[in-house]
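Student: I am new to this structure, and I would like to go through it step by step. Could we begin with a look at it?

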Amino acid sequence: MADTLLPPPPIALTIAGSEATGGAGAQADLKTFQALGVFGIAALTCIVSFDPKAGWAHRFVPVDPQVIADQLEAEFACYDMSAVKIGMLGTPATIDVVASTLREQRPERLLLDPVLICKGQEPGAALDTDNALKEHVLPLATFVTPNQFEAMSLAGMDAIESVDDLETAARRIHESCGAAVLAKGGVRLAGPDAVDVYYDGTTTEVLSEPKIGEVAVSGAGCSLAAAITAELAKGRDPLAAARAAKSFVTEGIRARVESNAPFAALWQGV
Ligand code: PXL
């Protein structure tokens with residue numbers, strides 16, 4: 001019997017940290033890519049292990065920059081990327097090596113989820129990392145997905161407390177880098193709805209779904225950004241990708257997996 005050749009899937013790369021329990025980070029990205037019909041590959045930038053003996057604090061270990069460069073070399077040699085997602089980078093040295101690969105490869109669809117701090121990093125180091133991310137990676141991005149805290153930092157705002165504030169942040173971030181922006185209020189803004197604001201220079205759209213509980217679910221931000229990346233990889237335009245990703249994540253939160261940690265994890269498998 002002749003083999004039936006299926007059309008090849010789009011290929012998406014995530015450059016992200018491992019979060020060992022599988023809620024967030026590269027694991028969430030790969031599960032999301034798979035669920036949305038995209039062939040996922042990952043370059044690991046760091047390993048995060050929560051510490052159950054210390055209030056589930058983050059233990060953070062960066063991957064050697066040369067090893068990150070080696071992963072990216074193998075990946076870009078193997079595949080033409082339909083889209084690339086950047087998650088947690090974690091150190092200025094990691095940002096240097098990732099930014100120089102991206103400047104060389106120039107992926108057409110590059111989503112930056114600007115994971116600015118991790119609880120396991122000391123504050124001084126985190127500030128250098130934030131600045132390096134803004135200077136070297138943000139200008140290359142075509143789509144950015146900051147959460148409330150990251151949007152304050154990228155937009156230079158002291159507070160984001162309303163949908164109007166989120167809109168202002170999305171506009172300012174777009175004006176600073178030219179990328180489409182989804183500023184994620186999620187569960188963090190007061191009120192009955194989980195609201196995110198999309199802005200791309202012409203269209204503003206408020207994406208809103210009733211909140212499912214008041215507590216943030218692990219992996220919601222990573223999975224939302226990964227779902228946008230997958231939809232972009234499949235050829236959707238940025239706004240359609242953001243809408244599809246919002247409903248994917250809402251379903252994943254509804255189906256969340258409880259654990260012995262004080263937070264549940266989003267389930268991509270529904
Ligand atoms: O959710 C942000 C995030 C991203 N990437 C990694 C993480 C976390 C949060 O824990 O560990 C690797």
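Student: Does D51 count as buried or exposed?

Tutor: This is a predicted model, in which local features need pLDDT of at least 70, side-chain atom pairs count only at pLDDT 80 or more, and totals for chains, interfaces and linings use all residues. Residues are numbered from 1 along each chain as its sequence is written, and side-chain values use heavy atoms, with hydrogens and water left out. Buried means under 20% relative accessible area, exposed over 50%, and partly exposed in between (1.4 Å probe, protein chains only). Because its relative accessibility is 12%, D51 counts as buried.

Student: Which residue meets the side chain of D51 in a salt bridge?

Tutor: A salt bridge is a side-chain nitrogen of Lys or Arg within 4 Å of a carboxyl oxygen of Asp or Glu. The partner counts as partly exposed, at 38% relative accessibility. With 3.8 Å from N to O, the side chain that meets D51 is that of R59.

Student: How many residues apart in sequence are the parts that E205 and R243 tie together?

Tutor: E205 forms a salt bridge with R243, and their closest N and O atoms are 2.7 Å apart. E205 lies in strand β9 (residues 204–210) and R243 in helix α8, so the parts tied together are separated in sequence by 38 residues. Helices (H or I, at least four residues) and strands (E, at least two) are DSSP runs, numbered from the N terminus.

Student: Is R243 itself buried or partly exposed?

Tutor: The relative accessibility of R243 is 43%. R243 therefore counts as partly exposed.
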